[in-house]
Amino acid sequence: MIFSLQGHILRAAANHEIQSPGGQITKHLQRKIWDIQPAGVHPWYVRPMNVHDEIMCPRSATLVKDGQIRAIVDEVIKEYKERIPLLKMEWKDNLTTWGDK
């Protein structure tokens, strides 16, 4: 039993080293995407949601131009690519809800 617990702890620690930087990168990306949303009372343009090292961002097709969010994603990836050469992010366009993932 103790070896099982030790193995679980080692896997969690190794996973943390991967997910923690990924979480920070996606939080930075989420902040950049929020810049599209005007301050104050407005209809929703974007609805980014960050979970660990993953980000989902439904957008209003009528209020956000096609490719606008993808350009932000590409910009953030390019910014980090010098420090993390193998960095990549899968991205689906045209989500209307978080459930479309």
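## Salt bridges, core and surface of a predicted model

Glu75 and Lys32 are joined through their side chains by a salt bridge, with a distance of 3.6 Å from N to O. Because Glu75 belongs to helix H2 and Lys32 to helix H1, this pair ties together parts that are 43 residues apart in sequence. Side chains of opposite charge can pair when their charged atoms come close. Glu75 is partly exposed, as its relative accessible area is 42%. Lys32 also counts as partly exposed, at 26% relative accessibility. In the whole structure, a search finds two salt bridges. Besides the pair just described, Arg31 and Asp35 meet through their side chains in a salt bridge, at 3.1 Å from N to O.

### Overall architecture and confidence

The structure described here is a predicted model. Its secondary structure comes to two helices and two strands, and along the sequence these follow the pattern α-β-β-α. Helix H1 covers residues 2-34, helix H2 covers residues 68-81, and strand S2 covers residues 54-56.

The mean pLDDT of the protein is 82, and 85% of the residues reach 70 or more. Confidence is highest in H2, with a mean of 91, and lowest in H1, with a mean of 78. Where pLDDT is low, the predicted coordinates should not be read in detail.

Of the 101 residues in the protein, 29% are buried. The protein exposes about 7,500 Å², and carbon and sulfur atoms supply 58% of this area. Among contacts between residues at least 6 apart in sequence, 49% join residues at least 24 apart.

### The nonpolar core

Which residues have the most contacts inside the largest nonpolar core? They are Leu29, Ile33, Val46, Ile69 and Trp91, in a core of 16 residues. Two elements, H1 and H2, give two or more residues to this core. The largest share, six residues, comes from H2.

Leu29 shows how one of these core residues is surrounded. With neighbours within four places in sequence left aside, Leu29 is in contact with Ile55, Ile72, Val73, Val76, Met89 and Trp91.

The residue that follows, Gln30, is placed in helix H1. Gln30 is buried, because its relative accessible area of 16% falls under the 20% limit. Beyond the neighbours within four places in sequence, Gln30 is in contact with Pro48, Met49, Asn50 and Ile55. Ile55 is thus among the contacts of both Leu29 and Gln30.

### Approaches between distant parts of the sequence

Two further pairs bring together residues that are well separated along the chain, and the table lists their separations.

| Pair | Separation in sequence | C-alpha to C-alpha distance |
|---|---|---|
| Glu54 and Gly23 | 31 residues | 7.1 Å |
| Pro21 and Asp53 | 32 residues | 7.9 Å |

Glu54 has its place in strand S2 and counts as partly exposed, at 30% relative accessibility. Pro21 lies in helix H1, and at 39% relative accessibility Pro21 likewise counts as partly exposed.

### The surface

Where on the protein is the nonpolar patch that includes Phe3? This patch is on the surface and is formed by Ile2, Phe3, Leu5 and Ile9. Together these residues have about 460 Å² of accessible area. Phe3 lies in helix H1. Is Phe3 buried or exposed? Phe3 counts as exposed because its relative accessibility of 66% is over the 50% limit.

Lys81 lies in helix H2, the element with the highest confidence. The relative accessible area of Lys81 is 35%, so this residue is partly exposed. Leaving aside the neighbours within four places in sequence, Lys81 is in contact with Leu86 and Leu87.

### Summary

In this predicted model, helices H1 and H2 each give two or more residues to the largest nonpolar core, and the salt bridge between Glu75 and Lys32 ties the two helices together. Helix H1 also holds the buried Gln30 and the exposed Phe3.

Methods. Residues are numbered from 1 along each chain as its sequence is written. This is a predicted model: local features need pLDDT of at least 70, side-chain atom pairs count only at pLDDT 80 or more; totals for chains, interfaces and linings use all residues. Side-chain values use heavy atoms; hydrogens and water are left out. Patches are made of residues with over 30% relative accessible area and no salt bridge: like charges are joined within 9 Å, nonpolar side chains (Val, Leu, Ile, Met, Phe, Trp, Tyr) within 5 Å. Accessible areas come from the Shrake-Rupley method with a 1.4 Å probe; for residues, only the protein chains shown count as cover. A salt bridge is a side-chain nitrogen of Lys or Arg within 4 Å of a carboxyl oxygen of Asp or Glu. Helices (H or I, at least four residues) and strands (E, at least two) are DSSP runs, numbered from the N terminus. Buried means under 20% relative accessible area, exposed over 50%, partly exposed in between (1.4 Å probe, protein chains only). A nonpolar core is a set of buried Ala, Val, Leu, Ile, Met, Phe, Trp, Tyr and Cys residues joined through side-chain atoms within 4.5 Å. Contact means heavy atoms within 4.5 Å. pLDDT is the predictor's confidence in each residue, from 0 to 100.
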